[in-house]
Amino acid sequence: DSEADSVDSLEGIESKHKLKILPEDSSYDLSFKLIVIGDIYVGKSCLTNKAVKNVFSDEYCNTIGFEYFTFTIKVDNKIIRLQIWDTCGQEMYRSLITNFYRNTSLAIIVYAINNYKSFESIDSWLKELRKNGNPDVKIFLIGNKADLEEERKVSKELGTKFYQDNKMNGFMEASAKTGLNAKKIFV
Ligand code: GDP
Ligand code: MG
(Lines give C-alpha, C1' and ligand atoms only; values in the text may rest on other atoms or scores of the structure.)
(Ligands and ions follow the chains in the order given, each with its own letter.)
Protein backbone atom coordinates (compact mmCIF):
# COMPACT_ATOMS: atom_id res chain seq x y z
CA ASP A 1 0.00 0.00 0.00
CA SER A 2 1.04 3.62 -0.35
CA GLU A 3 1.87 4.10 3.33
CA ALA A 4 4.22 1.13 3.21
CA ASP A 5 6.01 2.55 0.18
CA SER A 6 6.44 5.98 1.69
CA VAL A 7 7.97 4.69 4.94
CA ASP A 8 10.43 2.44 3.16
CA SER A 9 11.95 5.15 1.04
CA LEU A 10 15.34 4.50 -0.48
CA GLU A 11 15.66 8.13 -1.48
CA GLY A 12 19.17 9.50 -1.15
CA ILE A 13 20.99 6.16 -1.16
CA GLU A 14 19.14 5.32 -4.36
CA SER A 15 20.58 8.19 -6.36
CA LYS A 16 23.98 8.18 -4.64
CA HIS A 17 24.68 4.57 -5.59
CA LYS A 18 22.55 4.30 -8.75
CA LEU A 19 20.71 1.67 -6.81
CA LYS A 20 17.96 -0.49 -8.23
CA ILE A 21 16.13 -3.55 -6.94
CA LEU A 22 16.01 -6.18 -9.70
CA PRO A 23 13.77 -9.19 -10.36
CA GLU A 24 14.68 -12.33 -8.42
CA ASP A 25 15.90 -14.26 -11.45
CA SER A 26 18.39 -11.61 -12.67
CA SER A 27 21.95 -12.70 -13.29
CA TYR A 28 24.51 -11.27 -10.91
CA ASP A 29 28.19 -10.38 -10.47
CA LEU A 30 28.57 -11.07 -6.77
CA SER A 31 26.61 -13.01 -4.22
CA PHE A 32 26.61 -12.94 -0.44
CA LYS A 33 25.03 -15.21 2.10
CA LEU A 34 22.88 -13.54 4.75
CA ILE A 35 21.33 -15.18 7.78
CA VAL A 36 18.34 -13.82 9.71
CA ILE A 37 18.34 -14.87 13.36
CA GLY A 38 16.61 -13.97 16.62
CA ASP A 39 13.95 -15.34 18.94
CA ILE A 40 10.78 -16.91 17.67
CA TYR A 41 7.83 -14.55 16.92
CA VAL A 42 9.89 -11.34 16.57
CA GLY A 43 8.94 -11.08 12.88
CA LYS A 44 11.97 -12.47 11.02
CA SER A 45 9.83 -14.19 8.38
CA CYS A 46 7.44 -11.26 8.02
CA LEU A 47 10.28 -8.79 7.61
CA THR A 48 11.98 -10.92 4.98
CA ASN A 49 8.73 -11.48 3.10
CA LYS A 50 7.91 -7.77 3.23
CA ALA A 51 11.32 -6.79 1.88
CA VAL A 52 11.53 -9.43 -0.82
CA LYS A 53 7.90 -9.93 -1.87
CA ASN A 54 6.16 -6.86 -0.44
CA VAL A 55 3.58 -8.96 1.39
CA PHE A 56 2.56 -8.96 5.05
CA SER A 57 0.37 -11.46 6.84
CA ASP A 58 -0.96 -11.16 10.37
CA GLU A 59 -0.86 -14.88 10.66
CA TYR A 60 2.01 -16.54 12.37
CA CYS A 61 3.73 -18.82 9.92
CA ASN A 62 5.89 -21.39 11.63
CA THR A 63 9.12 -21.64 9.70
CA ILE A 64 10.39 -25.19 9.90
CA GLY A 65 14.15 -25.03 10.02
CA PHE A 66 14.94 -22.58 7.22
CA GLU A 67 13.38 -20.68 4.39
CA TYR A 68 15.44 -19.41 1.47
CA PHE A 69 14.96 -16.12 -0.39
CA THR A 70 16.97 -14.12 -2.87
CA PHE A 71 17.18 -10.35 -3.12
CA THR A 72 18.98 -8.85 -6.09
CA ILE A 73 20.13 -5.26 -6.35
CA LYS A 74 22.24 -3.22 -8.69
CA VAL A 75 24.69 -0.96 -6.87
CA ASP A 76 27.09 1.26 -8.80
CA ASN A 77 26.69 -0.98 -11.88
CA LYS A 78 27.47 -4.21 -10.03
CA ILE A 79 24.63 -6.67 -9.59
CA ILE A 80 24.61 -8.22 -6.15
CA ARG A 81 22.56 -11.14 -5.02
CA LEU A 82 21.78 -11.77 -1.38
CA GLN A 83 21.06 -15.38 -0.53
CA ILE A 84 18.84 -14.94 2.49
CA TRP A 85 18.38 -17.75 5.00
CA ASP A 86 15.43 -17.08 7.27
CA THR A 87 15.81 -19.29 10.30
CA CYS A 88 13.46 -20.58 12.92
CA GLY A 89 14.23 -19.32 16.44
CA GLN A 90 13.02 -22.39 18.29
CA GLU A 91 15.52 -23.95 20.68
CA MET A 92 15.38 -27.32 18.92
CA TYR A 93 16.77 -25.72 15.74
CA ARG A 94 19.54 -23.67 17.30
CA SER A 95 22.21 -26.33 16.84
CA LEU A 96 21.21 -26.61 13.17
CA ILE A 97 21.58 -22.86 12.75
CA THR A 98 25.12 -23.04 14.10
CA ASN A 99 26.14 -24.90 10.94
CA PHE A 100 24.94 -21.98 8.87
CA TYR A 101 27.11 -19.43 10.64
CA ARG A 102 30.36 -20.65 9.21
CA ASN A 103 30.26 -19.22 5.71
CA THR A 104 27.82 -16.37 6.04
CA SER A 105 29.01 -12.85 5.16
CA LEU A 106 26.07 -11.00 6.66
CA ALA A 107 23.79 -11.51 9.60
CA ILE A 108 20.67 -9.73 10.78
CA ILE A 109 19.70 -10.22 14.41
CA VAL A 110 16.08 -9.29 15.09
CA TYR A 111 14.22 -8.48 18.29
CA ALA A 112 10.74 -7.01 18.73
CA ILE A 113 10.47 -3.61 20.44
CA ASN A 114 7.44 -4.81 22.41
CA ASN A 115 9.21 -7.91 23.76
CA TYR A 116 12.00 -7.21 26.27
CA LYS A 117 12.98 -10.85 26.49
CA SER A 118 13.69 -10.96 22.76
CA PHE A 119 16.03 -7.98 23.25
CA GLU A 120 17.83 -9.73 26.13
CA SER A 121 18.35 -12.74 23.85
CA ILE A 122 20.34 -10.68 21.35
CA ASP A 123 23.41 -11.13 23.52
CA SER A 124 23.35 -14.93 23.21
CA TRP A 125 22.56 -14.85 19.46
CA LEU A 126 25.51 -12.51 18.97
CA LYS A 127 27.85 -14.68 21.06
CA GLU A 128 26.89 -17.83 19.13
CA LEU A 129 27.38 -16.06 15.84
CA ARG A 130 30.77 -14.65 16.79
CA LYS A 131 31.90 -17.99 18.20
CA ASN A 132 30.88 -20.05 15.16
CA GLY A 133 30.85 -17.58 12.30
CA ASN A 134 33.53 -16.17 10.07
CA PRO A 135 35.51 -13.38 11.75
CA ASP A 136 34.57 -10.83 9.04
CA VAL A 137 30.81 -11.31 9.29
CA LYS A 138 28.91 -8.01 9.20
CA ILE A 139 26.15 -7.94 11.78
CA PHE A 140 23.08 -5.71 11.81
CA LEU A 141 20.69 -5.28 14.72
CA ILE A 142 17.00 -4.75 13.94
CA GLY A 143 14.24 -3.72 16.35
CA ASN A 144 11.10 -4.91 14.57
CA LYS A 145 7.39 -4.17 15.23
CA ALA A 146 8.12 -0.44 15.48
CA ASP A 147 4.45 0.16 14.63
CA LEU A 148 3.51 -1.11 18.12
CA GLU A 149 4.65 2.11 19.80
CA GLU A 150 2.04 1.86 22.55
CA GLU A 151 3.37 -1.58 23.56
CA ARG A 152 7.03 -0.55 23.43
CA LYS A 153 9.30 -2.18 26.06
CA VAL A 154 12.69 -1.45 24.47
CA SER A 155 13.64 2.16 23.79
CA LYS A 156 15.41 3.16 20.61
CA GLU A 157 18.28 4.46 22.77
CA LEU A 158 18.75 1.01 24.30
CA GLY A 159 18.94 -0.58 20.85
CA THR A 160 21.41 2.06 19.68
CA LYS A 161 23.56 1.58 22.77
CA PHE A 162 23.64 -2.20 22.39
CA TYR A 163 24.72 -1.98 18.75
CA GLN A 164 27.46 0.54 19.59
CA ASP A 165 28.73 -1.24 22.70
CA ASN A 166 28.94 -4.53 20.82
CA LYS A 167 30.55 -3.08 17.69
CA MET A 168 27.84 -4.30 15.38
CA ASN A 169 27.68 -2.82 11.86
CA GLY A 170 24.30 -1.14 11.94
CA PHE A 171 21.03 -0.65 13.76
CA MET A 172 17.55 0.22 12.59
CA GLU A 173 14.05 -0.02 13.90
CA ALA A 174 11.64 -1.48 11.38
CA SER A 175 8.12 -2.73 10.86
CA ALA A 176 7.14 -5.60 8.63
CA LYS A 177 3.54 -4.41 9.03
CA THR A 178 3.91 -0.83 7.77
CA GLY A 179 7.01 -1.58 5.71
CA LEU A 180 9.18 0.85 7.67
CA ASN A 181 12.81 0.21 6.65
CA ALA A 182 12.00 -3.33 5.48
CA LYS A 183 13.76 -3.08 2.10
CA LYS A 184 16.32 -0.65 3.46
CA ILE A 185 17.67 -3.28 5.87
CA PHE A 186 18.62 -5.58 3.02
CA VAL A 187 19.80 -2.78 0.76
P1 GDP B 1 9.39 -15.15 13.31
O2 GDP B 1 9.13 -16.33 14.19
O3 GDP B 1 10.46 -14.29 13.87
O4 GDP B 1 9.67 -15.53 11.89
O5 GDP B 1 8.06 -14.26 13.33
P6 GDP B 1 6.94 -14.06 12.18
O7 GDP B 1 7.52 -13.31 11.03
O8 GDP B 1 6.31 -15.35 11.87
O9 GDP B 1 5.92 -13.08 12.93
C10 GDP B 1 5.35 -13.43 14.17
C11 GDP B 1 4.07 -12.65 14.40
O12 GDP B 1 4.35 -11.26 14.55
C13 GDP B 1 3.04 -12.75 13.28
O14 GDP B 1 1.76 -12.84 13.85
C15 GDP B 1 3.19 -11.47 12.52
O16 GDP B 1 2.01 -11.09 11.88
C17 GDP B 1 3.60 -10.50 13.62
N18 GDP B 1 4.48 -9.43 13.12
C19 GDP B 1 5.63 -9.58 12.44
N20 GDP B 1 6.19 -8.40 12.16
C21 GDP B 1 5.37 -7.47 12.67
C22 GDP B 1 5.41 -6.02 12.72
O23 GDP B 1 6.32 -5.36 12.23
N24 GDP B 1 4.37 -5.41 13.38
C25 GDP B 1 3.36 -6.10 13.95
N26 GDP B 1 2.39 -5.40 14.55
N27 GDP B 1 3.29 -7.44 13.92
C28 GDP B 1 4.27 -8.12 13.29
MG1 MG C 1 9.84 -17.40 10.95
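Let's start at the ligand: helix H3, covering residues 44–53, gives the most to the shell around ligand 1, contributing 3 residues. Keep in mind as you look around that this is a predicted model. The whole shell comes to 21 residues, and the closest of them are Tyr41, Lys44, Cys46, Asp147 and Ala176. Sorted by class, you'll find 9 nonpolar, 5 polar and 7 charged residues around ligand 1.

Now zoom in on some polar atoms. Asp147 has a polar side-chain atom 2.7 Å from a nitrogen atom of ligand 1. Ser175 also brings in its side chain, with a polar atom 3.4 Å from an oxygen atom of the ligand. With Val42 it's the backbone that matters: a polar backbone atom there is 3.3 Å from an oxygen atom of ligand 1. How much of ligand 1 does the protein bury? Taken alone, the ligand exposes 580 Å², and the protein buries 94% of that.

Step back from the ligand and look for the sheet. It's an open one with 7 strands and mixed pairing, and if you walk across it you meet them in the order S1-S3-S4-S2-S5-S6-S7. Why do S1 and S7 each have one side without a neighbour in the sheet? Strand S1 (20–22) and strand S7 (170–173) stand at the edges with a single partner strand each, so one side of each is left without a neighbour. The sheet isn't flat as you cross it, either: neighbouring strands are turned by 25 degrees against each other on average, direction ignored.

Let's make that walk, beginning at the S1 edge. S1 and strand S3 (residues 66–75) run antiparallel and are joined by 3 bridges. Two pairs to look for here are Lys20 with its bridge partner Lys74 in S3, and Leu22 with Thr72 of S3.

Next comes the pairing of S3 with S4, again antiparallel, with 10 bridges joining the two. One pair to find is Phe66 and its partner in S4, Thr87. These two strands form a hairpin with 2 residues between them, and Asp76 in this hairpin takes a positive phi near 45 degrees.

Moving on, the direction of pairing changes. S2 and S4 run parallel, joined by 7 bridges, and you can spot Ile35 bridged to Trp85 of S4. S2 also runs parallel to S5, this time with 4 bridges between them. Here Val36 has Ile108 of S5 as its bridge partner.

Finally, add the helices that go with the sheet. Helix H4 (residues 94–101) packs on it, touching strand S2 (30–37), S3 and strand S4 (78–87). The direction of H4 makes about 155 degrees with that of S2. Over strand S5 (106–112), strand S6 (138–144) and S7 you'll find helix H7, residues 156–165, lying across them. How is H7 angled to S7? The helix runs at about 165 degrees to that strand.

How values were computed: Residues numbered from 1 in each chain as written. Chains lettered and ligands numbered in written order. Predicted model: local features only at pLDDT ≥ 70, side-chain atom pairs only at ≥ 80, totals over all residues. Heavy atoms only, no water. Near = heavy atom within 4 Å. Polar contact = N/O pair within 3.5 Å; in protein donor to acceptor, adjacent residues only side chain to side chain. Areas by Shrake-Rupley, 256 points an atom, 1.4 Å probe, with all protein chains shown as cover. Nonpolar A, V, L, I, M, F, W, Y, C, P; charged D, E, K, R; others polar. Pairing = 2+ DSSP bridges. Axes fitted to C-alpha atoms, helices over the stretch in contact; angles between N-to-C directions. Contact = heavy atoms within 4.5 Å.
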